[in-house]
Amino acid sequence: MDSPATFLEEHGEKFFLGVYFLIMVVVAGPLFLTLGEAWVASDVFRPLILSLNPLLSISLEQFSAAVFGIYLGLLLLMTIDPKKRVQGALLWLGTGSALIGLLSIGLFIPNIDFAANVAWLGAGLVGGTVIGGGKQLMEVRTTSALEFRQSASILFYLITAIVLVGLVEFHVNFPQFIDPSGGTVEIIAPEPTVSVAWGGLTTNILMAGVFVVTLRRFVTYDSSENFFVLGPPGSGKSLFLVGKYLAALDDAVDRKSDTPLNPSGDLMELVGRLDAATKSAGWELDSTGATEVEDLQFRFVNGRVFPKNIELSSLDYAGEYLEELPGALMSPDSEIDNSTVQLLSDRVRAANTLILVIDVERYHNNEPLGIEPYFDILDTADNKDVLLVATKSDILAEQFEDEQALDPHQYFEDFRQYVNDTLIENNQAVRTLVQDTSGSEIHPVYYETTVNDDGERVPMRDRNGNVMTVGFEEMLEKLG
């Protein structure tokens, strides 16, 4: 049986979506019945709307149909948005439940002739779509995500305003100051008396607060996350980025996502060289030149229920710039002479999370891991989350399979634990790094490899010549 942490890691999105929706349904029932009663007894808002008829010849039915159309237009855009499609579908169900609740006390649907006011409903629908969609409705989107963030925000504020106004009308008795009856709008000198109905106030405020906070989480867009990969020269940073890109591309195809990945030209050059190789070829990747700096980055969407924009990037460079990075992070830009170090420090500062690479091949060959600069970087780069990645873990995968007779791909969780235990128990620098990052788990990734006639480890390829990767798909969830 999975532990709670494992369950939330694997099914957290669906679990929290269900919790949010359940809270909204449970709270919305009694809350909207209260708002319906507030509408009937309204001292301010309802008379103001009724005043539109003698002033502008807009009846209550026409106004209600237009506002409902605006709401439907905003909700329609939210449903079209691939990042909010699930939430939009559930809000349709919630809307239906709210309408049934109002119907039970004789409000809204029984009071509107939608056939006679279809033009007002349509105008509101178009208006809501235009307001919520803006220029995006007219654009052919090719290089940016299809998102209608404005529609979700307006929808949230519209519902929140209805809830807050309804609560005030329900619990506060205002003096009448306007009389829209008799075909005219008459201003009445109000008596300076205001009374508060205290009964149920605490309960209604609590229900409204829970509803609004949950609705906010339900419709909000998660902020983007920026991950930057650091590692010593030759540690597999480039191939790690390529593997992550291929995994993100497969995920986007599987979910039929229309959000572009926007890979950099340098990254696509690496992907092209690796992809164009023959079935018997090696890595086909040249080492970075002494004066070259390759910018490797792409974006993708992580999560299916609460999607988040993720940017993953690294700089592929020659030389020992990693050792100069801690000093650069503590120095003003004017004191950094090397442009590569300057760029490296800028990208580290901009990142939310640092991905630190541990080269398993160096560990296997009893070579220095070159991770000593990580400790100074963690001391100088404040407020950064950290992920530890073991690249070239195919070496340990073979050992795992020999020792435990298990396929590391099929038993990946067992293999991940094996990698953690092996590296931590046999390398003091790795043990210290894990300790200094609050016991971070090491995530193994690798390309499936074989040894050729020259004794070189080369990638295995399928019948289409594609490389085969392990661990990258699992890391997609970790980046969320």
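Over residues 55-77 the chain is 87% helix and 0% strand, and the C-alpha atoms at its two ends sit 33 Å apart. Helices here are DSSP runs of H or I with at least four residues, strands are runs of E with at least two, and both are numbered from the N terminus. Keep in mind that this is a predicted model, where local features need pLDDT of at least 70, side-chain atom pairs count only at pLDDT 80 or more, and totals for chains, interfaces and linings use all residues. Residues are numbered from 1 along each chain as its sequence is written, and side-chain values use heavy atoms, with hydrogens and water left out.

That stretch also appears in a database record. Under "transmembrane region", an unreviewed UniProt entry lists residues 15-35, 55-77, 89-108, 114-133, 154-174 and 194-215. Such annotations may be inferred rather than shown by experiment. Here are two of the spans side by side.

| Span | Helix | Strand | Distance between end C-alpha atoms |
|---|---|---|---|
| Residues 55-77 | 87% | 0% | 33 Å |
| Residues 154-174 | 86% | 10% | 28 Å |

Now let's step back to the whole protein chain. It has 18 helices and 14 strands. Of its 480 residues, 46% are buried, meaning under 20% relative accessible area with a 1.4 Å probe and protein chains only; exposed means over 50%, and partly exposed lies in between.

Where do the buried nonpolar residues gather? The largest nonpolar core has 73 residues, and Leu-230, Phe-240, Leu-354, Ile-355, Phe-415 and Leu-423 touch the most other members. Helix H9 (residues 237-254) gives the most to this core, with 7 residues. A second, separate core of 34 residues includes Leu-31, Leu-35, Leu-90 and Ala-208. A nonpolar core is a set of buried Ala, Val, Leu, Ile, Met, Phe, Trp, Tyr and Cys residues joined through side-chain atoms within 4.5 Å.

Let's zoom in on two residues. Leaving out residues up to four places away in sequence, Phe-415 touches Ser-393, Leu-396, Ala-397, Phe-400, Pro-408, Pro-444 and Tyr-446, where contact means heavy atoms within 4.5 Å. Thr-340 belongs to helix H12 (residues 339-350). Is Thr-340 buried or exposed? Thr-340 counts as buried because its relative accessibility is 10%. With the sequence neighbours up to four places away again set aside, Thr-340 touches Val-293, Tyr-317 and Tyr-321.

Finally, meet Leu-76, which lies in helix H4 (residues 60-80). Leu-76 is partly exposed, with a relative accessible area of 36%.
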